[in-house]
Structure formats: structure tokens, C-alpha cells
Amino acid sequence: QIFNQHNAEAPNLEPAFHRMAQMEPNLDHDVSWFLLPSYWAKMVVALISFLCFANSYDGDFVFDDSEAIINNKDLRAETPLGDLWYHDFWGSKLSSNTSHKSYRPLTVLTFRINYLFAGGFYPVGFHVINIILHCTISVLMVDVFSILLGGLQFSSKGRRLNLAPKSSLLAALLFAVHPVHTECVAGIVGRADLLCALFFLLSFLGYCKAFKENKEGHTFSVFWVLVSVVLGAIAMLCKEQGITILGLNAVFDALVINKINLLELIRKLLYKDKSLENAGLLRKGLLFRITLLMCGGAGILYIRWRIMGTGPPAFTEVDNPASFADSLFVRAINYNYYYSLNAWLLLCPWWLCFDWSMGCIPLIKSVSDWRIIALAALWFCLIGLICQALCSEDSHKRRILTLGLGFLIIPFLPASNLFFRVGFVVAERVIYLPSIGYCILFTYGFSLLSKQAKKKKILAVAVLGILLINVMRCALRSSQWRSEEQLFRSALSVCPLNAKVHYNVGKNLADKGNQSAAIKYYREAVRLNPKYVHAMNNLGNILKERNELHEAEELLSLAVQIQPDFAAAWMNLGIVQNSLRRFEEAEQSYWTAIKHRKKYPDCYYNLGRLYADLNRHIDALNAWRNATVLKPEHSLAWNNMIILLDNTGNLAQAEAVGREALELIPNDHSLMFSLANVLGKSQKYKESEALFLKAIKANPNAASYHGNLAVLYHRWGNLDLAKKHYEVSLKLDPMAPGTKENYNLLRRKLEQLQKKGG
């Protein structure tokens with residue numbers, strides 16, 4: 001006995017279901033592929049999906065991981081858990097105008113759990129969870145594809161039947177090994193897409209479970225429909241795309257459960273055909289279930305809108321240049337070109353890049369641009385598939401093509417720019433879910449070719465070859481995601497016109513101390529995008545450190561002219577102006593930076609240095625105090641306060657500040673050193689000695705630490721120990737100022753004592 005909800009008018013339901021199961025064409029009949037028991041099929045899919053991405057397990061935090069994880073305060077225990085519900089993915093308040101508005105609290109919660117269990121920012125645990133999630137999703141795909149390709153049928157015992165075991169295995173393998181998924185699996189921030197996909201699939205499977213016959217004989221379960229809505233909400237709390245599963249559940253209900261012929265339905269609606277009332281929509285509960293889905297979706301979106309607080313995020317032209325084009329024609333052409341690129345990445349995922357913005361894909365501004373061919377090819381294929389999905393006389397073909405197109409297009413809609421502007425041009429991560437539709441269409445195409453092919457084994461070998469190539473491509477791409485250097489350099493050949501790629505390569509080199517090479521890439525980034533203020537700021541910083549102050553000033557002045565609220569550039573411009581001894585301009589630049597970023601401890605620190613240079617000691621102390629209030633662990637600001645108070649003879653105040661600083665940063669050897677100097681001058685020799693020795697233990701190669709300890713012993717009368725530390729200091733730094741003179745004075749004193757003793 002096989003049960004399904006199809007022909008409600010049949011007087012005897014069970015025989016009707018038997019006939020329908022027999023009449024339904026079997027996709028597996030024409031597919032030349034492996035037939036494995038369900039358990040083994042899932043084991044094979046899990047193993048192969050693991051092999052694809054296993055080498056990413058010990059990768060670093062790369063690219064967006066820094067902002068979403070390392071710099072995200074929501075991961076730390078001191079941040080209340082409740083704050084996660086009011087912050088965006090990056091840890092900013094959703095109510096802020098600068099918020100990205102990406103609301104994914106459940107994803108951030110998993111990051112926080114990772115952080116707490118690992119005891120810090122150790123990337124291995126984060127990567128392992130991502131790999132496990134992808135393997136789990138790939139295994140679930142076996143069940144999902146068995147329904148999408150074979151239909152939804154239950155046995156008399158209520159077990160769901162897999163009517164397309166070979167096809168579902170092939171489709172699941174295609175999904176598991178698709179190289180375009182590397183960004184989601186090997187990049188830790190891809191966790192959002194993985195969690196979203198997991199609950200997306202669970203929502204779909206839950207919806208399917210609603211049509212399992214229950215003991216009361218009801219045709220569907222309201223409970224499981226509601227569970228599906230809740231799982232869809234959870235998917236959306238992981239990433240925004242998750243909400244689209246509710247629409248796909250409705251499509252599945254109409255096509256598979258109710259077997260609606262869309263073209264016939266449209267005709268009846270247009271001609272107001274009286275037979276429409278016999279279509280079974282009300283009788284089978286379709287409208288009721290769709291109403292539940294719509295109400296659930298509307299409620300979820302309303303709650304999210306209320307939490308967001310303000311309008312959509314404000315993206316810049318470099319993030320998505322087509323969306324800023326004045327011409328509707330230019331916008332439409334470029335959006336469609338972006339769609340064709342996404343389709344190409346599914347078909348041929350060889351050229352992959354971590355970022356496709358900033359000139360990587362130049363705008364199409366004329367119909368004479370040869371890239372128009374890509375648009376034509378995309379729409380030629382889509383229109384052909386849509387026509388077949390609507391007009392084919394084969395109901396089986398209509399169903400599979402419509403479901404394939406539905407899963408390809410509907411999850412992609414939030415990234416399509418149709419409803420709101422998105423902050424990217426092309427993003428490989430957003431086609432994780434749409435790739436389900438691609439796998440359905442590929443598998444169905446393979447079945448059609450198998451039906452026509454005389455040598456089916458050759459075709460099967462070709463598909464095996466594609467799978468093997470994809471596995472190798474996944475492994476290679478995963479290795480590139482292991483470190484920022486490999487990731488950024490891999491993009492140079494794919495997107496040589498992308499200013500952000502050159503910027504990131506330059507930043508990576510600068511972080512490693514290779515300033516000369518970094519300058520080359522920063523200059524190229526500015527050449528490719530003359531308004532790239534972050535590249536100008538970083539290049540200006542390096543030039544400032546190399547004492548090329550005039551060019552640094554030109555770059556930083558241009559950066560703040562292009563983006564007047566760029567606080568970091570204003571601060572760096574102030575540092576350069578201070579170095580050029582243009583103090584008034586420097587002070588104005590610092591205050592402008594603070595105006596645009598009120599909580600800016602580093603800027604207060606540099607402002608304090610300016611005031612100290614101008615002998616405005618009280619202003620300097622106030623600025624440094626502001627820096628330590630905003631950032632209590634700001635060691636440099638504390639140190640400068642201690643040194644300034646020491647130099648101006650305020651030893652008691654210097655001592656109090658030093659003790660306060662060490663309570664907050666107990667292991668900072670520079671603070672120990674500064675406070676030890678103050679205590680020595682206050683003749684608190686024993687306490688001063690202890691701090692000096694502690695500082696030397698933490699940093700034994702600091703010549704000044706040994707030199708000043710020697711001075712303390714010299715004053716204290718411990719001449720042998722003074723001699724020992726003077727010698728260590730001179731060994732570490734023979735040119736240490738004052739140390740050699742003090743050492744010579746000590747030697748003369750020791751000689752005099754020896755003579756007196758003689």
C-alpha cells in the first residue's frame with residue numbers, strides 16, 4: 001500500500017494511489033548510475049563531502065573572519081547574550097546608521113559557543129564545525145533530492161519511499177563536491193550560509209512530513225506545517241535567504257501534492273473557467289496551507305523589520321556599481337549580466353574569487369559590449385526551460401523542471417537587487433542554496449542523455465570525471481582559503497582589475513613588514529580605483545613611517561576630501577601634520593576625527609602627544625586620560641601620563657597613575673619600568689627594584705631596563721649589582737645614551753674605593 005495526497009475525488013483512495021505510483025515515470029529507469037542502499041548512499045556522500053574540504057580544518061582566520069569573529073565583541077563572555085538579538089552580524093547595533101543590517105543572531109551564537117569551548121580565538125574548532133555542517137547538509141540532500149526527483153510517496157507503515165535512489169545519489173554528490181561551496185565551508189563566516197541551508201532543508205522535510213497519513217486519517221498535519229514555518233524562521237535567523245523556503249514549500253505543495261498544471265491554471269484564471277472550482281485547491285487544503293505559510297512569512301518579516309529599527313543599509317558605489325547607475329537600462333543590463341555570471345559559476349566553477357567588487361566586473365554601458373552575449377545565452381536557456389516546465393505534455397517533466405527552476409531562482413531572489421540593493425556584485429556564498437536547483441536540472445539532463453545514448457557507460461564515466469575534477473578543485477580551493485596570503489594572491493589572476501584584491505595583498509604584505517612590496521600593491525589599488533580611500537590611508541601610513549611626509553599628506557588629504565567622515569584618515573593626517581610641525585592644522589585634524597568617531601582612544605592618544613610637544617601639559621594629560629577611559633588597556637596612554645608627571649616633578653601623582661595602570665594591565669612590562677623609575681626617584685628602592693626585575697624577566701633584552709636598574713643600584717649603594725647591570729645594558733646596546741657615562745663614573749668610584757681600601 002502506498003499513500004499520497006493526489007486524487008481526492010476517487011471513491012477508493014488506496015487503489016488510486018497505487019495507480020498513480022505505477023503511472024509516474026521513474027527517473028532512475030534511464031539513469032546509468034550506482035544503486036546503493038539508502039544508508040550506504042548517505043555514507044558515501046558524507047565521506048566524499050568531507051574529503052573535499054578536510055584540508056581547510058587547520059586554516060587561519062581569513063578575510064571577513066577578522067571583523068565577524070576576532071573583532072566581534074558579541075563573542076566574548078562579558079557581552080550579555082541578549083545583546084545578540086539587537087546587533088548585526090558584525091557586532092554593531094542594528095539601530096545604528098552604519099549597521100550592515102545583516103541580522104544573523106543564531107550564527108553569531110554558534111561562533112560564541114565555539115569561542116567559549118576553545119577558550120579563545122583558535123580557528124580549528126570553527127573550521128571543523130563548518131566541515132561537519134556541510135557533510136550533514138550533503139547527507140540531507142539525499143532525502144531532499146529523492147523527493148524532488150522521485151516524488152513524495154509513503155508506505156502503508158508510514159515510511160517515506162525513495163523512488164529515485166540512483167538520481168538522488170548523483171544529485172547529492174554533485175551538490176557535495178561543487179567547488180563554488182568552498183567559500184561557505186573553508187571561510188568561517190560561511191557558517192551563516194551553512195546553518196541557513198541546514199534549517200532550510202529541515203523546514204522542507206518537515207513540510208513533506210505534514211502529508212504522512214496519521215492515525216485519525218487526516219489528509220495533512222497542521223502541526224508539521226507550523227513546524228516547517230518555525231524552521232524557516234530559524235533559517236532566516238541564520239541568514240536572510242532562509243525565508244525563501246516558505247515560498248518553495250508552497251510551490252512544492254502545488255506541483256507535487258496537488259499536481260497542478262500551472263499553464264492550465266493560468267488559462268482558467270484568464271478565461272474565468274467555471275471548472276476552476278473543481279481544481280481541488282480548496283478541497284485538498286492547499287489554500288489553507290499557503291495561507292499558513294504566507295501568514296508565517298509575513299509575521300517573521302514584520303518582526304525582523306521592527307528589530308532592524310531603521311531603513312536598509314547604506315552601501316557605496318564600489319560595493320555594487322550597477323545599483324548606482326542613473327540609467328535604468330544600464331542597471332537592468334548589468335544585473336542580468338551578474339545573473340549570467342552566477343549561472344556560469346554553477347556550470348564551470350573554475351575561476352573563483354573571494355571578492356568580485358571594485359572593478360572586477362566593469363559595467364556594461366552599451367549594447368555593443370560583447371558581454372551582452374552572456375545575457376542572451378542565459379535568457380535563451382531560461383526561457384527554453386520555462387516553456388518546457390509550463391507547456392510539456394509530460395507531467396513528470398513539468399514537475400522536475402519547475403522544481404529545479406524554483407530551487408535555482410527563489411533562494412537567489414534576496415541577492416538579485418530586485419527588491420533592495422545588495423552590498424556585492426557577485427558572491428559565491430549566495431549560490432549555496434540555488435545550487436540545489438542546478439543539481440536537479442543537471443541530473444534530469446543526465447537522465448535524458450542516458451535515455452538517448454547508446455553507450456551509457458561512457459556517459460556515466462564522463463559524469464564521474466566531472467565529480468572527480470570537482471573534488472580536486474575543492475581541495476585546491478580549500479588550500480587557498482587556509483591563509484590570507486594564498487587567498488588574496490589566488491584572486492590576482494581571476495580579478496586583476498579588482499582594486500580590493502590588490503589592497504588586500506598589500507595589507508597582508510604590510511602586516512608581515514614588507515613595506516616596499518606593500519607600497520606597490522597599494523599604488524595599484526589607487527590607480528585602479530582613484531577613490532579608494534582605505535588604500536590611500538594605508539599607503540599614506542607607510543609613507544609616513546618612511547618619512548615621506550609630503551606625499552603621505554597629499555594622499556590623506558585626498559582621502560578625507562573624498563570621504564569627509566573617514567575618521568582614521570583624519571587622525572593619520574593629523575600625525576603627518578604634527579611631524580611637519582604644523583601644529584594648529586594637526587590639532588584641527590585630530591578634533592575632526594573625534595567628531596566623526598566619538599569613541600576614538602588612539603586619536604586622543606595622538607592628540608595628547610601633540611599637546612605634550614606644545615608643553616600644554618594639562619591638555620595632554622586630559623587627552624591621555626580620555627584615551628584610557630575609552631580603552632582601559634591603552635598602555636601607551638598610561639605610560640605617557642606617568643612619564644609626563646615624572647618629568648614635571650609630580651612624583652606622587654605619577655606613582656598613583658602608575659599603580660592604577662598596573663591594576664588594569666598587570667603584566668605590562670613597560671608600565672612596570674615607568675613606575676619603577678618613579679619609585680626610585682621617590683627613594684622607594686626595594687619596591688622599585690622588584691618592579692625593575694619583574695620588567696626584565698618579562699623583557700630581558702631591553703637595554704634601558706638594565707641601565708635604569710643599574711642607576712637605581714648606583715643610587716642605593718649596591719655598586720657591584722650596578723656594575724653588573726651597566727655591563728649587561730652596554731652589551732645589549734653599546735650606544736645607549738647616558739649608560740656609558742654612568743658606567744665610567746661607577747668604575748672610577750670603585751677604583752677610588754679600592755685605593756682607599758688598599
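A quick word before the repeats come up: UniProt positions here follow the numbering used for this chain, feature names are shortened, and annotations may be inferred rather than shown by experiment. With that in mind, the unreviewed UniProt entry lists "repeat: TPR" at residues 499–532, 533–566, 601–634 and 703–736. What you have in front of you is a predicted model, so let's walk through what its atoms say.

Start with the whole chain. There are 758 residues, and 53% of them count as buried. The secondary structure comes to 33 helices and 3 strands. Along its principal axes, the C-alpha trace spans about 125 × 55 × 50 Å. If you take the contacts between residues at least 6 apart in sequence, 66% of them join residues at least 24 apart.

Back to those annotated repeats for a moment. The span 499–532 is 79% helix and 0% strand, and its end C-alpha atoms lie 8 Å apart. For 533–566, the end C-alpha atoms also sit 8 Å apart, with 79% helix and 0% strand in that span.

Now to the neighbourhood where the record's repeat at 499–532 begins. Helix H18 covers residues 484–494, and its buried residues are Leu 487, Phe 488, Ser 490, Ala 491, Leu 492 and Val 494. What do they pack against? Three helices: H17 (456–480), H19 (499–511) and H20 (515–528).

Val 501 gives a view of this from the other side, as a residue of helix H19. With a relative accessibility of 0%, Val 501 counts as buried. Once you set aside its neighbours within four places in sequence, Val 501 is in contact with Cys 353, Phe 354, Asp 355, Phe 488, Ala 491, Leu 492 and Cys 495. Phe 488, Ala 491 and Leu 492 are among the buried residues of H18. For a sense of distance, the C-alpha atoms of Val 501 and Asn 334 are separated by 21 Å, and the two residues are 167 apart along the chain.

One of the contacts of Val 501, Cys 495, leads to the disulfide. Cys 495 pairs with Cys 360, and their sulfur atoms are 1.8 Å apart. How many disulfides does the count come to? It comes to 1. The bond ties distant parts of the chain together: Cys 360 sits in the loop between helix H13 (328–347) and helix H14 (372–391), Cys 495 sits in the loop between H18 and H19, and 135 residues separate the two. Both ends are out of the way of the probe: Cys 360 counts as buried because its relative accessibility is 13%, and Cys 495 counts as buried because its value is 1%.

What about other cysteines? A pair of sulfurs has to be within 2.5 Å to qualify as a disulfide. The sulfur of Cys 238 is 6.8 Å from the closest cysteine sulfur, that of Cys 196, so this is too far for a bond. Cys 238 is buried too, at a relative accessible area of 1%. Cys 391 is in no disulfide either, as the nearest cysteine sulfur, in Cys 387, is 5.5 Å away. At 49% relative accessibility, Cys 391 counts as partly exposed.

The loop between H13 and H14 also holds Met 358, and its backbone deserves a glance. Most residues other than glycine have a negative phi. Met 358 has a phi near 50 degrees, a positive value in a residue other than glycine. Asn 615 does likewise, with a positive phi near 60 degrees in a residue other than glycine. Are these two residues buried or exposed? Met 358 counts as buried because its relative accessibility is 10%, whereas Asn 615 counts as exposed because its value is 58%. Asn 615 lies in the loop between helix H25 (601–613) and helix H26 (617–630).

Finally, hop to an earlier stretch of the chain for a helix pair. The axes of helix H10 (residues 244–257) and helix H12 (residues 286–308) come within 9 Å and cross at roughly 170 degrees. Angles over 145 degrees count as roughly antiparallel, and therefore H10 and H12 are roughly antiparallel to each other. H10 brings Leu 246, Asn 249, Ala 250, Asp 253, Ala 254 and Ile 257 to the contact, while H12 brings Leu 286, Arg 289, Ile 290, Leu 293, Gly 296, Gly 297 and Ile 300. The residues of this contact divide into 8 nonpolar, 3 polar and 2 charged.

Note on methods:
Residues are numbered from 1 along each chain as its sequence is written. This is a predicted model: local features need pLDDT of at least 70, side-chain atom pairs count only at pLDDT 80 or more; totals for chains, interfaces and linings use all residues. Side-chain values use heavy atoms; hydrogens and water are left out. Buried means under 20% relative accessible area, exposed over 50%, partly exposed in between (1.4 Å probe, protein chains only). Helices (H or I, at least four residues) and strands (E, at least two) are DSSP runs, numbered from the N terminus. Contact means heavy atoms within 4.5 Å. Axes are lines fitted to C-alpha atoms, for helices over the stretch in contact, and angles run from 0 to 180 degrees between N-to-C directions. Angles under 35 degrees count as roughly parallel, over 145 as roughly antiparallel, 65 to 115 as roughly perpendicular and the rest as oblique. Ala, Val, Leu, Ile, Met, Phe, Trp, Tyr, Cys and Pro count as nonpolar, Asp, Glu, Lys and Arg as charged, and the others, Gly among them, as polar.
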